[in-house]
Amino acid sequence: MDRKDFLQLVTAAGTAAASGLGMMGPAGKGQGGADAAAAGQAMRADMVIAGGGLGGVAAALAGLRNGLSVILTEPTDWIGGQLTQQGVPPDEHQWIETHGAPRSYRRLRTGIRRYYRRHYPLTAEAADREHLNPGDGAVSRLCHEPRVALAVLRRMLAPYRSNGQLRLLLEHRATGADVEGDRVRGLQVLDGRSGICRVLEAPYFLDATELGDLLPLTGTEYVTGAESRAETGELHAPEQASAANQQAFTYCFAMDYVPGEDHIIAKPDRYDFWRRHVPDVSPPWPEKLLDLTYPNPSTLQPRELGFHPGGAATGQKLNLWNYRRIINPDNFVPGTYRGGMTVVNWPQNDYMLGNLIDVPEEVFNRHIRQSKQLSLSLLYWLQTEVPRPDGGRGWPGLRLRADVMGTGDGLAKYPYVRESRRIKAEFTVLEEHVGKEQRAMVTGQDQSEVTAADFYDSVGVGYYHIDLHPSSGGDNYIDFSSLPFQIPLGALLPRRMKNLLPAAKNIGTTHITNGCYRLHPVEWSIGEAAGLLARFALDREVPPRAVREERTLLEEFQQFVRSEGIETRWPEQGKEG
């Protein structure tokens, strides 16, 4: 399709604007807009980034600070992805305060802490704490409110929006693409408020969407779900491949606790279903989903959890309230908060009954509705039925905080997505490269001494254990030890497409290795590397693939990313896995 035909197609698109659930529907399913003048006038930049999550923002910042003009689109009205619109405090490794993440990611973390120090009535002790953790949540060294991260990310982009270098198109999603051979020439995006379709043109397009939406739109080869053991040779891969076998996604929500008050929500329509539901997974789930017993991810043996919204200890059991707590009242001047606040992203609201990728829009929307019903049912169960340590049931003082998530229904703006489409890459990261047990097998080293594969084309580092949540295909947890790893440039290169780059969870990993490459600082690192790669390729007037193929160019690029504050190797103390 030539550019004239593409613009005419956009101009002729229907007038109905996507809204509500449809705004986040499957790629390519949206309706077009009717404003012919706006639709017929293409917007141009050096780099177009679809998706304003952590990878998208990092890619944009990388390009912007190196002089590129950028158009960044985002289907919701919040940038920040899993950190903000999905409501998930950062999952990070144990060395995060000193190394193992880019300089720009550290600026984000520092900015979040500085925001609390400047704008919140912290106690003197909390304000003086170098590694302030506002919520003192167990999951992270920096548990905080989504809006604070949003404010900091907006501030990081503000100068570039002011000078016109960055155009941020919120509530826009990609609905079509103009592709010629192995190059993308234009991207069609739909404005969810006005119904206008716009065409975006650039030398480079980056896919930082949560589900890898640009891959099917552009005809870029990709894989989904689980590969078979015969395909990848991975110890933990299944015997049979299944493209539809995706990790659970989750609709997170925030709640606080107001003792002595009654904030019980209306009984959710699907409560009776979810109250009886036992996940159909193998090995079997030990109890009903809405219960304080779940399978220990690493052993799959039943594990009992505790729950007390006052934050009190629950014996040897993990108090779920403290797990992702984002406000600990003890960190603030007395009287600031009547109770604490937590984010609910627990085993009990993982949705396993279907996936969101490559399904009809009606199926997509049904899963979204059912997932929301699950989360609301969990809240109602906590308010009315969860066993209390004193022998009673339910905590009526639990209050759904819709304002914290910025939504009308109290749930996050977007589901927490753990698994995306993944490009068929020049190089695919396998379990043998980063899994501790299999790495020891292939190297002949002891597990106590083994290190992850050393990639000659490393453009970043990261770490997290391999953590796969129960899946739509009936797998229980797959959770085992990995090693501090590198991000190979080859995993960022599609096998065929020349000017489309992945910038989030859609790089060349497998279903298994996605389990350690999907977390917050790694996604940021991937996006930043992709943005810098586009800048380097434009400057050298070479295709991205040539940067990896020509050692001189590769060495120059690696020096460039290191000069930007990106580590490409782990220090020895970071290899304690």
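Student: In β3, which residue is the bridge partner of Met47?

Tutor: This is a predicted model, in which local features need pLDDT of at least 70, side-chain atom pairs count only at pLDDT 80 or more, and totals for chains, interfaces and linings use all residues. Residues are numbered from 1 along each chain as its sequence is written, and side-chain values use heavy atoms, with hydrogens and water left out. Strand β2 (residues 47-50) and β3 pair in the parallel sense over four bridges; strands (E, at least two residues) and helices (H or I, at least four) are DSSP runs numbered from the N terminus, and two strands pair if DSSP finds at least two bridges between them. In β3, the partner of Met47 is Val70.

Student: How many of the five residues of strand β3 are buried?

Tutor: Buried means under 20% relative accessible area, exposed over 50%, and partly exposed in between (1.4 Å probe, protein chains only). In a regular strand the side chains alternate between the two faces of the sheet. On one side of β3, Val70, Leu72 and Glu74 are buried, and on the other side Ile71 and Thr73 are buried. The strand is therefore largely enclosed by the rest of the structure, the number of buried residues being five of five.

Student: Which strands are the edge strands of the open sheet that contains β7 and β6?

Tutor: Four strands form this open sheet with mixed pairing, in the order β1-β7-β6-β5. An edge strand here pairs on one side only, and the two are β1 (43-44) and β5 (172-180).

Student: In β7, which residue is the bridge partner of Met43?

Tutor: Strand β7 (residues 197-201) runs parallel to β1, and two bridges join them. In β7, the partner of Met43 is Leu200.

Student: Which residue just after α14 takes a positive phi?

Tutor: Helix α14 covers residues 436-443, and its buried residues are Lys436, Gln438, Arg439 and Ala440. What covers these buried residues includes α13 (431-434). Just after α14, a positive phi of about 80 degrees is taken by Gly444.

Student: What radius of gyration does the protein have?

Tutor: The radius is taken over C-alpha atoms, and the globule rule is 2.2 Å times the number of residues to the power 0.38. Along its principal axes the C-alpha trace spans about 70 × 60 × 55 Å. With 577 residues, a compact globule would have a radius near 25 Å, which agrees with the protein's value of 23 Å.

Notes:
Contact = heavy atoms within 4.5 Å.
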